[in-house]
Amino acid sequence: MPNLLPVDGERLLLPAEPLVVDAREIVELTKLAEPDAILRAAELYRGEFLADLKLDAEEFETWRRQEAERLRATAAHALSLRIRLDDE
């Protein structure tokens, strides 16, 4: 069985290949700009990124807020594209 969560010193490494990450999928699907991909991207967005995860680490919280805003903007763009596609 492969080690899915390898540790490197004080870091926990998450290999990208065996994981499906909805945030990454939203961005990639939106880039495709195809009707089915846009619909799927809009369906995947379920609210603020890691909203319930609270860590006492300002650097993490700054990163989390930036990612939340980026994903919110991407999801809004996907919804806007979907509306345009529906109107065509």
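**Group meeting: a walk through a predicted helical model**

Hi everyone. Residues 24 or more positions apart account for 38% of the contacts in this chain with a separation of 6 or more. Please keep in mind that we are looking at a predicted model.

Let me begin with the layout. The chain has two strands and three helices, and from the N terminus the order is β-β-α-α-α. There are 88 residues, and 24% of them count as buried. The chain exposes about 6900 Å², with 55% of that supplied by carbon and sulfur atoms.

Now, the interior. Which residues make up the largest nonpolar core? There are eight: Ile26, Leu29, Ala37, Ile38, Ala41, Leu44, Ala78 and Leu81. Each of α1, α2 and α3 supplies at least two residues of this core. The largest share is from α2, which brings four. Apart from this core lies another one, of five residues, including Ala23, Val27, Phe49 and Leu71. Hold on to Phe49, please; we will come back to that residue.

If you want one residue to click on in the largest core, try Ile26. Setting aside neighbours within four places in sequence, Ile26 is in contact with Ala41, Leu44, Tyr45 and Thr74. Two of those names, Ala41 and Leu44, you have just heard in the core list.

Another core member, Ala78, takes us over to a loop. Ala33 sits in the loop between α1 (22–32) and α2 (35–44). In sequence Ala33 and Ala78 are 45 residues apart, yet their C-alpha atoms are 8.2 Å apart in space. Is Ala33 buried, exposed or partly exposed? Its relative accessible area is 48%, so Ala33 is partly exposed; the cut-off for exposed is over 50%.

On to the aromatics, my favourite part. How many aromatic pairs does a search of the whole structure find? Two. In one of them, the ring centres of Phe49 and Trp63 are 5.6 Å apart and the planes meet at 75°, which makes the pair edge-to-face, because planes over 60 degrees apart count that way. This pair links distant parts of the chain: Phe49 belongs to the loop between α2 and α3, while Trp63 is in helix α3, 14 residues apart. Are these two partners buried or partly exposed? With 17% relative accessibility, Phe49 counts as buried, whereas Trp63, at 37%, counts as partly exposed.

The other pair joins Phe60 and Trp63, and here the geometry is tilted, with 5.7 Å from centre to centre and 45° between the planes. Both of these residues lie in helix α3, three residues apart, or about one turn of the helix. Phe60 is buried, with a relative accessible area of 19%; since buried means under 20%, the value just qualifies as under the cut-off. Put the pairs together and you get a cluster of Phe49, Phe60 and Trp63, linked by ring pairs.

One last stop, still on α3. Glu67 is in this helix, which covers residues 58–87. Where does Glu67 fall, buried or exposed? Glu67 is buried, at 17% relative accessible area. What does its side chain make a polar contact with? The partner is the side chain of Arg70, at 2.6 Å.

So, to recap the places to look at: the eight-residue core, the Phe49, Phe60 and Trp63 cluster, and buried Glu67 with its polar contact to Arg70. Thanks, everyone, and I'm happy to rotate the model for anybody.

Note on methods:
Residues numbered from 1 in each chain as written. Predicted model: local features only at pLDDT ≥ 70, side-chain atom pairs only at ≥ 80, totals over all residues. Heavy atoms only, no water. Buried < 20%, exposed > 50% of the residue type's maximum accessible area, 1.4 Å probe, protein only. Contact = heavy atoms within 4.5 Å. Areas by Shrake-Rupley, 256 points an atom, 1.4 Å probe, with all protein chains shown as cover. Polar contact = N/O pair within 3.5 Å; in protein donor to acceptor, adjacent residues only side chain to side chain. Core = buried A, V, L, I, M, F, W, Y, C linked by side-chain atoms within 4.5 Å. Phe/Tyr/Trp six-rings, centres within 6.5 Å; stacked < 30°, edge-to-face > 60°.
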